[in-house]
Each structure stands twice: as structure tokens, then as C-alpha cells.
Amino acid sequence: MRILIRNAATMLPTGLERVDVVIEGSKIADIAPGAGLAVDETIDAAGLHLLPGVVDDQVHFREPGLTHKEDLATASRACAKGGVTTFLEMPNTLPTTTTVERLHEKLALAASKCLVNYGFYIGATPTNVEELKAAERTPGIKVFIGSSTGDLLVDGQDALEQIFAETTLPLTAHCEDETTVRANAARIAGTADVADHSRIRDHAAARIATARAIDLAERHNHRFHVLHVSTGDETDLIRAAIGRGHGLITGEACPHHLLFTVDDYARLGTLVQMNPSLKTAADAARLWDALAAGTLQVIATDHAPHTLEEKRKPYPQSPSGLPAVENSLALMLNEAHHGRCTLQQVIHWMCDAPARTWDLVGKGRIEVGYDADLVLVDLEARHTVRNAEQITKSGWSPWDGVELVGRPVRTMILGRTVYAEGRFDDSVRGAEARYDHARGGYWATGGGKP
């Protein structure tokens, strides 16, 4: 199949241009082709913008083991609706993805179920360094330095030193200091106030763990990505590390830390309980500043669905996490509409930067030879997020009732339309993400250059 997308304002690596794009098979074959090209299908995208598909590098899709909350089929449909064409999923499923065998089992499961492209991290434990050294077909290694239980909690210094010293895959981590969190929890024991979640998982917990991880990465010359940065203090640490010029450290923000603050507990309660916790309006402003300055490179969702019944349990029985993949691009388009950022910045943070960070082959930009993972968006479309319309199996959103301006209207996976104006083609299957870790990540590929 040769498909021509006509009349869209197209976001190229150099910026917006009104050019036509040709897809042949699964690839972008030509940009601004000459007249008279023979094609099998023409998509008239007048009035729309053509963007590269979103790469969400931090999701929890709950399969296997917790599929009453979400599964790969429902989650990948939600991705398709939201313009997310590639996801990278975390290892804290049941069982955990801590061996090469379990990694391959997940990949096989995804091949049969996922409507979009997929990849899976392998999880670190205090004792599985040989599995981590043997792993391939993965974006990298996920370490839980706090905020986990059982084998996935890696808090001991000796185990962390070994992981950073002996493995070669890129590393990423949940950074909240377990000792600090436990001490705060003991001090506020017995609380039923969800606002205390941000006092238990406080600024110090995030700052201490992030500083510890950056120190390990720099001493062992190991690429390291700081997930879901929630505090201004952490942005200072990351900025300083980037300034030292090692090209090792990258970081990301999530929509909930950019758009919610501790003031929202009064309105939304446990629905906005997550780890790391919400912080202050000043912290959110510093996250936005860090994105604009290039200190943080990536926006990802940390999509972590639970049922409404689970989320409405009294604190602290309520679980942490919220669903976001089907609304994340629309949320950021809305911010661009209101002048908080530019469309080009949104595409950098959500498409090109995560693809560079994880060495993804053929993803993150509209360029000849790249995969035809594309999203058509209507930047003027006003729409309201509704729980009843959510595709995620969890069936709710913390943004329920919020009006947004800008939304995806068509999503293409490897040249095939998987979603268009509320309709899905459930016959479409994404492909396993491919990585070229020899590229060296974000800084080595010039990701920081304008």
C-alpha cells in the first residue's frame, strides 16, 4: 500500500511545514513528493496537523497478574485513542519481569494483543544481576530505589553498586528514599488524610534517592534516566549533572506532576494519590521551567490504572497511581493552546526525546525511512474528558469533566490506521520496539541541540 497524506501542517524535525507525506508499507517513503504520484489511498488532512506518534516510556499495563485493572489489549486501545504509538512498560506485574524468560513471555503476549508498538523493561532485584547482563530486546533496566516491595525493592548500597557497575543496558529508577519514607510514615502513623501522602513521600525522599542514583551513574559511567521527577530540588540535581558534561543523565516529568499540586487533594482526594506524591505549585512551575530549559527532556504518563472502587478506599488503603495514556497528548496540546509551551516542544518531549533516550530505531519523528507511526490532530477541537468515554479498563480519569482544546483524530501504526474518530481497527497489531544501544542515548545523538 502506498498512502498519501495531503494538506496537513506537518511537524518535521525542523518545524512545521505544509507538506504532503507518502507512506509505503510500514515506512515514511517521501516528504513533499512531486505531482502525479500514483497512490492506493489519499487522506485529505486539511485543517489538521500531522505529528509523529507519541512514545510513552513509562506505563504499567498490569498484564500478567492484575488484569482486572488493565490488560495489554485495553491499554493499547487507549494508547491508540490518545496518539501513543509506542509504549515501554514497567516490570512490576505478577509475576515480575525479572528474568529473560519472563521478558520474552511478555513480548510474545504483546505480539498477540497490542494494537500499538511495545517494549518492556527488565526489573532489577538484589540478586538477579546475571539476568540483567544477559537481557536483550529491552529498552533497559528498571530499578525501584524505594516505592516497591519484595524482590523489586533494591535499597541496599552493595546491590546498587553491583547493578550500576556490572550491567551495560541503560538504567532507570523510581527515586524515593525508602528510609526517609518509612521514617515519615512512622511519624504520621494512623493518619487517614490523603494529603499526608505528600508529607510521607516528601521532598527529601525524592531528593535523596535521585542524588544517590546520579552519584552511582557518574561513578560507574552508566547512562541513567530519572523517572517522574516531582520536585524542583531534583531538577537542580539533574541540571548540575548535565553541566558536568558526562552525557549520562536524563529526566522526565509526568502530566500529573505538571498539572496537579497538593492543593488538589481537597478536590480529588485519593484519585490523585500517586508515587512520587504531588508537590507544591512552586515545584510544578519549576518542572515546567526545567522542561523549557532542557534540564528535563521527556514527558511520560506513568499510566498506573486501578479500579475506582480501589481508588475510593480510605487512605492509606487506597493504591497509588492513575490512568493517563489516552489523554496525555490532548492535555499537552491544551497547554500549548493556552501558551504554556509550543507544539514543537510538546513533540520533542513526547516523541523525539524518549526515542533518543532509549535508542529506539525508527521512532519519534517524521522523516524518510522512519516508521509510519503518525497522529493527525485537530488543534482547535474542544472536547471534555468523561469517565464514561474512557477506553482504559479502569474506566475513569482524574481529568473527568475538564474541557481541553486539541485532540488526536486519527492514529496510524506502521502505516495502518488503528484509530479514527472514535473507531478502532482491532485487526491492527503493533510491532516489538527495536533498540540500537550503541547509539548512546539522548545526549550522544544530539538530542539537546535546538
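## A buried salt bridge

R356 and D352 are both buried. In this predicted model, their side chains meet in a salt bridge, at 2.8 Å from N to O. Both residues sit in helix α14, which covers residues 343–357. They are 4 residues apart there, so about one helical turn separates them.

## Other salt bridges

The R356–D352 pair has company. A search of the whole structure finds 35 salt bridges. One of them joins the side chains of D236 and R239, with 2.9 Å from N to O. This pair belongs to helix α8, residues 232–243. The two residues are 3 apart in that helix, so they too are separated by about one helical turn.

Are D236 and R239 buried or exposed? D236 has 36% relative accessibility, so it counts as partly exposed. R239 has a relative accessible area of 40% and is partly exposed as well. Buried means under 20%, and both values lie outside that range. The D236–R239 bridge is also part of something wider. R207, D233, D236, R239 and R286 are linked in a network of salt bridges.

## D371 and K363

D371 forms a salt bridge with K363. Their closest N and O atoms are 2.9 Å apart. D371 has a relative accessibility of 6%, so it counts as buried. K363 comes to 7% and counts as buried too.

These two residues turn up again beside an empty space. Both K363 and D371 help to line the second largest cavity. That cavity holds about 50 Å³ of space. Its lining also includes P52, G53, V55, T85, T86, G362, G364, R365 and D373. Sorted by class, the lining has 2 nonpolar, 5 polar and 4 charged residues.

## The largest cavity

How is empty space found inside a structure? A probe the size of a water molecule is rolled over the atoms, and this shows where space is left. Here, 2 cavities of 30 Å³ or more are found. The largest has a volume of about 90 Å³. It is lined by 14 residues, and those closest to its centre are R223, F224, L248, T250 and T357.

Which elements contribute to this lining? Strand β14 (224–226) and helix α15 (441–444) each supply at least two residues. Helix α15 gives the most, with 3 residues. By class, the lining of the largest cavity has 7 nonpolar, 6 polar and 1 charged residues.

## Aromatic pairs

Rings can pair up as well. The count comes to 9 aromatic pairs. One of them is F87 with F120. Their ring centres are 6.1 Å apart and their planes stand at 80 degrees, so the pair is edge-to-face. The cut-off for that label is over 60 degrees. F87 lies in strand β9 (residues 84–89) and F120 in strand β10 (residues 117–120). The two are 33 residues apart, and the pair links distant parts of the chain. F87 is buried, with a relative accessible area of 0%. F120 is buried too, again at 0%.

How are the rings of F260 and W399 arranged? Their centres are 5.0 Å apart and their planes are at 20 degrees, so this pair is stacked. Planes under 30 degrees apart earn that label. F260 lies in the loop between α9 (255–259) and α10 (265–268). W399 lies in the loop between β17 (374–384) and β18 (403–413). The pair therefore ties together parts that are 139 residues apart in sequence. Both F260 and W399 are buried.

F87 and F120 also belong to a group. Ring pairs link F61, F87, Y118 and F120 into a cluster.

## A buried threonine in a loop

T125 is found in the loop between β11 (122–123) and α3 (129–134). Is T125 buried or exposed? Its relative accessible area is 6%, so T125 is buried.

What does T125 touch? Leaving out residues up to four places away in sequence, its contacts are T98, D151, V154 and I163.

Note on methods
Residues are numbered from 1 along each chain as its sequence is written. This is a predicted model: local features need pLDDT of at least 70, side-chain atom pairs count only at pLDDT 80 or more; totals for chains, interfaces and linings use all residues. Side-chain values use heavy atoms; hydrogens and water are left out. A salt bridge is a side-chain nitrogen of Lys or Arg within 4 Å of a carboxyl oxygen of Asp or Glu. Buried means under 20% relative accessible area, exposed over 50%, partly exposed in between (1.4 Å probe, protein chains only). On a 1 Å grid over the protein atoms alone, a cavity is a set of points where a 1.4 Å probe fits but cannot get out, and a pocket is an open set with protein on both sides within 12 Å along at least five of seven lines; lining residues have an atom within 4 Å of a point. Grid points are joined across faces, edges and corners, and a volume is the space filled by probe spheres set on the points. Ala, Val, Leu, Ile, Met, Phe, Trp, Tyr, Cys and Pro count as nonpolar, Asp, Glu, Lys and Arg as charged, and the others, Gly among them, as polar. Contact means heavy atoms within 4.5 Å. Rings of Phe, Tyr and Trp (its six-membered ring) pair if their centres lie within 6.5 Å; planes under 30 degrees apart count as stacked, over 60 as edge-to-face and the rest as tilted.
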